[in-house]
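Trainee: Could you take me on a close look at one part of this model, the surroundings of a ligand? I would like to understand how the pieces around it are described.

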Amino acid sequence: MAAVLQVLPCLARAPLRPLLLGGTVVRLASGMALAEQARQLFESAVGAVLPGPMLHRVLSLDPGGGQLKVRDRSFQLRQNLYLVGFGKAVLGMAAAAEELLGQHLVQGVISVPKGIRAAMEHAGKQEMLLKPHSCVQVFEGAEDNLPDRDALRAALAIRQLAESLTADDLLLVLISGGGSALLPAPIPPVTLEEKQTLTKLLAARGANIQELNTIRKALSQLKGGGLARAAYPAQVVSLILSDVVGDPVEVIASGPTVASVHNVQDCLHILNRYGLRAALPRSVKTVLARADSDPHGPHTCGHVLNVIIGSNALALAEAQRQAEALGYQAVVLSAAMQGDVESIARFYGLLAQVAGTRLTLAGAGASAEEGEQLRELAAELQLPDLQLKEALEAVVRARGPVCLLAGGEPTVQLQGSGKGGRNQELALRVGVELGRQPLGPVDVLFLSGGTDGQDGPTEAAGAWVMPGLASQAAAEGLDVATFLSHNDSHTFFRCFRGGVHLLHTGLTGTNVMDAHLLFLRPR
Ligand SMILES: Nc1ncnc2c1ncn2[C@@H]1O[C@H](COP(=O)(O)OP(=O)(O)OP(=O)(O)O)[C@@H](O)[C@H]1O
Ligand SMILES: O=C(O)[C@H](O)CO
């Protein structure tokens, strides 16, 4: 989610109608425009990880209201329930928690992105807003996803609340992506500015989120289990919406309720790798040196229950279910799509080719060469959970419409000053790949969308493409290669066919990375 906060009239949140009633499923699937189905499935994926449904899945009050159930654990309530939260999706999560917990909630503090309340209000999304006289105090900060003074004030208020708790209290912690920037509390003498500079430098030199957050944890009072330590001896329940591949609780928002297992050597390795060790400010050196003699052991988080309440896999599972209801043979390929956007686009192009051939020629060996290339590329991408074999077997079985689903977060190496996002760039590149060779008597569509509803610094969530895109664009005087050469995918899609290929959802109030949907429908 980027800095511009705008919410467009949004997603239909009602479930898809039961399309299995009357008539055959396949007929229904083929009777609906592919692009419309793609949009619906994307919306169903997002719908599964909206704050309300997520919290209701894991939290409940017993009928007498005396106990709070979190999955299979129960906690006694007696005017002892407090709430803190930080992250891009936390406003809606706090609103849902407030709705559910009512007057059991004594007090709360949350740290959310600048402008988010106005944006949600503007869009009429009341369910994402706290009640007028809420006991939850809201701080807005971290413009451009960078820690700032406002976020620091929020972090200090959160720490103060946590430190005031006793062994009788229960602290509910709401965590989502963007939480690291919204909870800055550098260990003195490190200053906010020094931490900001170091984070920016690491990110600019290509450090991944694991590396970045290892350093953030080492320099923070609250990250890496610090918040849990501050709340001790109160019990702590963290409800975590994952925006990191694999859902590692110690990485998401830098794990404020998970004891850090990294030591100073790990930090020095990372700083070395990105050429930053020599120029470290004295304050950072001091804090790292101190950390060596003051390790916070894992035992310090025994009073904490960390629960992942939403993830990319969960969103994809719902889209898969809805695709099946629409008559598709649906397979989730991976919820860990990571790597260079160009390679991932080639992967989807080849996949469409191989799956298309198998679907229409009914011969699993018909595209052996492309099949081999596809497997090689998949191996290069090193996707830990890839279900390629299963997907291709399902295609052979299908003899009808197929939907392959995946999710994750590809990387774009920015080369130009164009306007775009990783989803629009991926879709455009896949569009080019789909046009490389004829695909046979099969309709193909690929959609890529950011589940937060905002792809890079644009107002679109993503885009969808079909084969023939490059030639149709050329007929409109648009050269796809030129747009791609300076990462200008958004400008391309705004021009191409009057912008109909853009996916607009507005800010969704959630964020579990991106969803990729590949449809193949024999004619
Ligand atoms: N012109 C562009 N073309 C393609 N990708 C871009 C462009 N400009 C920015 N990006 C990509 O957009 C991403 C930043 O956008 P965004 O804010 O949506 O992602 P994020 O910070 O990872 O947040 P979130 O996880 O909430 O989506 C970066 O990965 C960046 O490489
Ligand atoms: O806040 C963060 O650290 C990132 O969004 C990953 O969760």
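Mentor: Happy to! One definition first: the helices and strands named here are DSSP runs, with at least four residues for a helix (H or I) and at least two for a strand (E), numbered from the N terminus. Please also keep in mind that this is a predicted model.

Let's start at ligand 2. Its shell is made up of G177, G178, G179, S180, I209, N213, D243, V244, I252, A253 and S254. Sorted by character, these residues give four nonpolar, six polar and one charged. Two helices stand out in this list: α7 and α9 (209-218) each supply at least two residues of the shell. Helix α7 covers residues 179-182.

Now pick A253 from that shell. Where does A253 sit? You will find A253 in the loop that runs between β8 and α11 (264-273), and strand β8 itself covers 235-241. Its backbone deserves a second glance: phi of A253 is near 50°, a positive value in a residue other than glycine. Is A253 buried or exposed? A253 is buried, because 34 other C-beta atoms lie within 10 Å and the cut-off for buried is 20 or more.

R399 makes a good companion to A253. The phi of R399 is also near 50°, again positive in a residue other than glycine. R399 belongs to the loop between α16 (388-398) and β11 (402-411). Its surroundings come out as partly exposed, because R399 has 13 other C-beta atoms within 10 Å and a residue counts as exposed at 12 or fewer.

Going back to the two elements we met, α7 and β8, we can look at loops that touch on them. After α7 comes a loop leading to α8 (192-204), and P189 is placed there. The peptide bond joining P188 and P189 is cis, with omega about 5°. Before β8 there is a loop coming from α10 (226-231), and that is the place of P233. Here too the peptide bond is cis: from Y232 to P233, omega is near 15°.

One last stop is H504, in the loop between β14 (502-503) and β15 (514-522). H504 is partly exposed, with 17 other C-beta atoms within 10 Å. H504 and G449 are 55 residues apart in sequence, and their C-alpha atoms are 9.3 Å apart in space.

Methods:
Residues are numbered from 1 along each chain as its sequence is written. Chains are lettered from A and ligands numbered from 1 in the order in which they are written. This is a predicted model: local features need pLDDT of at least 70, side-chain atom pairs count only at pLDDT 80 or more; totals for chains, interfaces and linings use all residues. A residue is near a molecule or strand if its C-beta atom, placed from the backbone, lies within 6 Å of it. Ala, Val, Leu, Ile, Met, Phe, Trp, Tyr, Cys and Pro count as nonpolar, Asp, Glu, Lys and Arg as charged, and the others, Gly among them, as polar.
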